[in-house]
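Welcome! Here is a short, friendly tour for anyone opening this structure for the first time. Have a look at it below, and then we will walk through a few places worth finding.

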Amino acid sequence: MTIRETFLAEAAKRILITDGAFGTEIQNWKLSEADYAGDLGLAKDQKGNNDILALTKREVPEAIHRAYFEAGADIAETNTFSANRISQADYAAEHLVREINVESAKLARALADEYQAKDGRPRFVAGAIGPTNKTLSLSPDVNDPGFREIDFDYLKGVYREQTDALIEGGADFILVETVFDTLNAKAAIMAALEAGEALGRDVPIMLSMTLTDLSGRNLSGHTVEAFWHAVRHAKPVTIGLNCSFGAEQLRPHVRTLSDICDTLIMVYPNAGLPNELGEYDEMPATTAGLVGEWAQAGQVNVLGGCCGSTPAHIKAIADGVRGLTPRALPVPPVVTRLAGLEPMTMAA
């Protein structure tokens, strides 16, 4: 069986669990700049460069991955959200992009294989690709609406570099997450498809949109339905939502995706909304109860957590959905579906 077939077979048995937040878990370690920098001798301050810990303080991401597997996760997302040439330029670490991704994927792969060997239950590795701090759809200059800091081909190349390294390190899927700009996501999709063609095999893609307002749009203006119409050609193994808000605010948008998408739905919201200090204080039982409503309604196939979620949140979610029937995939009619900012379906 291919990895896509294995994943789909497991998803048909039960609701799968992806892991929780990495950034907020790393913050709990109270690392110093020296911890981040190690002996790499980089020219800029490294504090906050979470991705580089795969090279300088490996025990931190290893412990976090292990805690999530112990909590019941089926999927480990690599600690590579900003491990791309654009984001790493902020830390003068562009030349380390390949090494960071390879080592991060190897680490997650080793732990996934270790836990699978213990009980025979398949564990998976999703190579996490974030949106970068650039946008293809919008100008950063209000006085020049046509200006773009980068172009599509450049961003595709950035994503291809990261994708190739994640696959080399052992990632099963390419997870394009926290999509605030649909055009950025399409560059990542093309990079993953081209990487698969170069290898002569299927490289399954996971897509996860983030909403920037309660109306259900991302920053580039797409509704969740329009987003699906814009990316469904990639045949993603999962599509869904992450980050955005807490589970309470995502409820109607999860339902929309569940009704229209003929692929698995994966949702991993923040642990509620941040408080006045920017901290997340939603308790594990609360988060688990909210996402559990989607599971009981047959709307999801994969659940997990984003910002503020902890191994305790993932354990509560895993315990709460155990034994529930996963969402059945709908069979939508064959029609032409297009998208501007809004979805458009042509008459059959």
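Which residues make a nonpolar surface patch of about 270 Å²? Leu-338, Met-344 and Met-346 form that patch together. Please keep in mind as you explore that this is a predicted model. The points below take the patch, the pocket and a few single residues in turn.

**The nonpolar patch**
- One member of the patch, Leu-338, belongs to strand 9, which covers residues 337-339.
- Leu-338 has a relative accessible area of 38%, and it counts as partly exposed because that value falls between the 20% and 50% limits.

**The largest pocket**
- The largest pocket holds about 700 Å³ of space.
- Its lining is made up of 37 residues, and those nearest the centre of the pocket are Phe-22, Gly-23, Asn-50, Phe-81 and Ser-82.
- Four elements supply at least two lining residues each: helix 2, helix 6 (85-88), strand 4 and strand 6 (238-246).
- Which element gives the most to this lining? Helix 2 does, with four residues.

**Two residues with positive phi**
- Lys-30 is not a glycine, yet its phi is positive, near 55°.
- You can find Lys-30 in the loop that runs between helix 2 (23-27) and helix 3 (33-37).
- Is Lys-30 buried or exposed? Its relative accessibility is 71%, so Lys-30 counts as exposed, the limit being over 50%.
- Thr-178 also has a positive phi, of about 50°, although it is not a glycine.
- Thr-178 sits in strand 4, which spans residues 173-179, and strand 4 is one of the elements that contribute to the lining of the largest pocket.
- Thr-178 is buried, because its relative accessible area of 13% is under 20%.

**Arg-327 and its surroundings**
- Arg-327 is placed in the loop between helix 13 (311-321) and strand 9, and strand 9 is where Leu-338 of the patch is found.
- With a relative accessible area of 4%, Arg-327 is buried, since the limit for that is under 20%.
- Which residues does Arg-327 touch, leaving aside those up to four places away in sequence? Among them are Leu-257, Ser-258, Cys-261, Thr-263, Leu-264 and Ile-265.
- Arg-327 is also in contact with Gly-298, Gln-299, Val-300 and Asn-301.
- Glu-114 lies 213 residues from Arg-327 along the chain, and 29 Å separates their C-alpha atoms.

Notes:
Residues numbered from 1 in each chain as written. Predicted model: local features only at pLDDT ≥ 70, side-chain atom pairs only at ≥ 80, totals over all residues. Heavy atoms only, no water. Patch = residues over 30% accessible without salt bridge, like charges linked within 9 Å, V, L, I, M, F, W, Y side chains within 5 Å. Areas by Shrake-Rupley, 256 points an atom, 1.4 Å probe, with all protein chains shown as cover. Salt bridge = Lys/Arg side-chain N within 4 Å of Asp/Glu carboxyl O. Buried < 20%, exposed > 50% of the residue type's maximum accessible area, 1.4 Å probe, protein only. Contact = heavy atoms within 4.5 Å. 1 Å grid on protein atoms, 1.4 Å probe; cavity = no way out; pocket = protein on both sides within 12 Å on 5 of 7 lines; lining within 4 Å. Points joined across faces, edges and corners; volume = space filled by probe spheres on them.
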